Amino acid sequence: MPDSRTSAHRDSLKGARIARGASPWLLPTVATAALSLARSRRSRRAAAIAVPTTALAAGMLWFFRDPEREIAQGRVISPADGVVQSIMPWKDGRTRVAIFMSPLNVHVNRAPLAGTVTSVEHVPGGFVPAFNKESENNERVVWHFDTELGDIEMVQIAGAVARRIVPYIPQGTKVEQGDRIGLIRFGSRVDIYLPEGVEVAVEVGQATTAGVTRIDRD
């Protein structure tokens, strides 16, 4: 399997589209940049504004990229681009794998397994940085999937910058492994809980690519 850093860099530069849910941030930024560029030849003030607004628009296009992926094979694949922040045994025998997403990562999350979405629950909360222990109480969306491994829980967690989680699909939807299921604007964290007896294949500090990096081990 290719290194996740290489995969993330390669597919972010080709075959990318704009993520659903990006328009409230992207459209005003791009419109402002386009207007400033159009007026820049006739106005020094517009020309001065055009530079930062164009840079911001380019940054937004990069932040909201949604590359196509060749989905890897494996029982459980990463739902998020990012870095493994922690691997923690849970009281009920499951293992939580927490993946930290920076603003430079692709923000679109993917289904870790094929199955049926049995629950999509929005839980209000705070907006502390995702690397802070108190982020456990942050704004989040809790997903449950009925899969061949049983119930799989995945949690999208907002952070200090990420103030909006956008689910793409409702409860009852059947998904294939690697399907796009939602967006966290400007990064944050995604947790996945592996069932008891499923061994973790990643380690803390390892980069992951949604739909590509395998999370479990045979």
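Is Glu 199 buried, exposed or partly exposed? Glu 199 is partly exposed, at a relative accessible area of 43%. I shall return to this residue when I come to its charged partner.

Good morning, colleagues. The structure before you is a predicted model, and I therefore begin with confidence. The chain has a mean pLDDT of 82, with 70% of its residues reaching 70 or more. Among the elements of the chain, β10 has the highest mean pLDDT, at 98, and helix α1, residues 4–13, the lowest, at 43. Over residues 1–13 the pLDDT stays under 50, and for that stretch the model has 21 contacts beyond four places in sequence. Where pLDDT is low, the predicted coordinates should not be read in detail.

I turn now to the strands. Eight strands make an open sheet with antiparallel pairing. In order, they read β10-β6-β7-β8-β12-β4-β3-β14. The edges are β10, residues 174–175, and β14, residues 207–208, each of which pairs on one side only. Within this sheet, β6 (residues 115–123) and β7 (residues 140–147) run antiparallel and are joined by 7 bridges. To give one position, Val 123 has Arg 140 in β7 as its bridge partner.

Next, the aromatic rings. How many aromatic pairs does a search of the whole structure find? The search finds 2. One of them is Trp 90 with Tyr 193, an edge-to-face pair with 5.4 Å from centre to centre and 75 degrees between the planes. Trp 90 sits in the loop between β3 (82–89) and β4 (95–101), while Tyr 193 belongs to strand β12 (residues 188–194), so the pair ties together parts that are 103 residues apart in sequence. The two residues may also be described by accessibility. Trp 90 is partly exposed, with a relative accessible area of 31%, whereas Tyr 193 is buried, at 7%. Trp 143 and Phe 145 also pair: their ring centres are 6.0 Å apart and their planes lie at 5 degrees, so this pair is stacked. Trp 143 and Phe 145 are both buried.

The remaining topic is charge. Side chains of opposite charge can pair when their charged atoms come close. The count for this model comes to 11 salt bridges. I shall discuss three examples.

In the first example, Asp 66 forms a salt bridge with Arg 180, with 2.7 Å between the closest N and O atoms. Since Asp 66 lies in strand β2 (residues 65–67) and Arg 180 in strand β11 (residues 180–184), the pair ties together parts that are 114 residues apart in sequence. Asp 66 counts as buried at 3% relative accessibility, and Arg 180 counts as buried at 18%. The value for Arg 180 falls in the buried class because that class means under 20% relative accessible area.

The next example brings back Glu 199. Glu 199 forms a salt bridge with Arg 217, and their closest N and O atoms are 3.3 Å apart. This pair links distant parts of the chain, with Glu 199 in strand β13 (residues 199–200) and Arg 217 in strand β15 (residues 216–217), 18 residues apart. Arg 217 is partly exposed, with a relative accessible area of 39%.

The final example is Arg 214 with Asp 216, a salt bridge whose closest N and O atoms are 2.9 Å apart. Arg 214 and Asp 216 are both buried. They also belong to a network of salt bridges that links Arg 75, Arg 214, Asp 216 and Asp 218.

Thank you for your attention.

Conventions. Residues numbered from 1 in each chain as written. Predicted model: local features only at pLDDT ≥ 70, side-chain atom pairs only at ≥ 80, totals over all residues. Heavy atoms only, no water. Pairing = 2+ DSSP bridges. Helix = DSSP H or I, 4+ residues; strand = E, 2+ residues; numbered from the N terminus. pLDDT = per-residue confidence, 0-100. Contact = heavy atoms within 4.5 Å. Phe/Tyr/Trp six-rings, centres within 6.5 Å; stacked < 30°, edge-to-face > 60°. Buried < 20%, exposed > 50% of the residue type's maximum accessible area, 1.4 Å probe, protein only. Salt bridge = Lys/Arg side-chain N within 4 Å of Asp/Glu carboxyl O.
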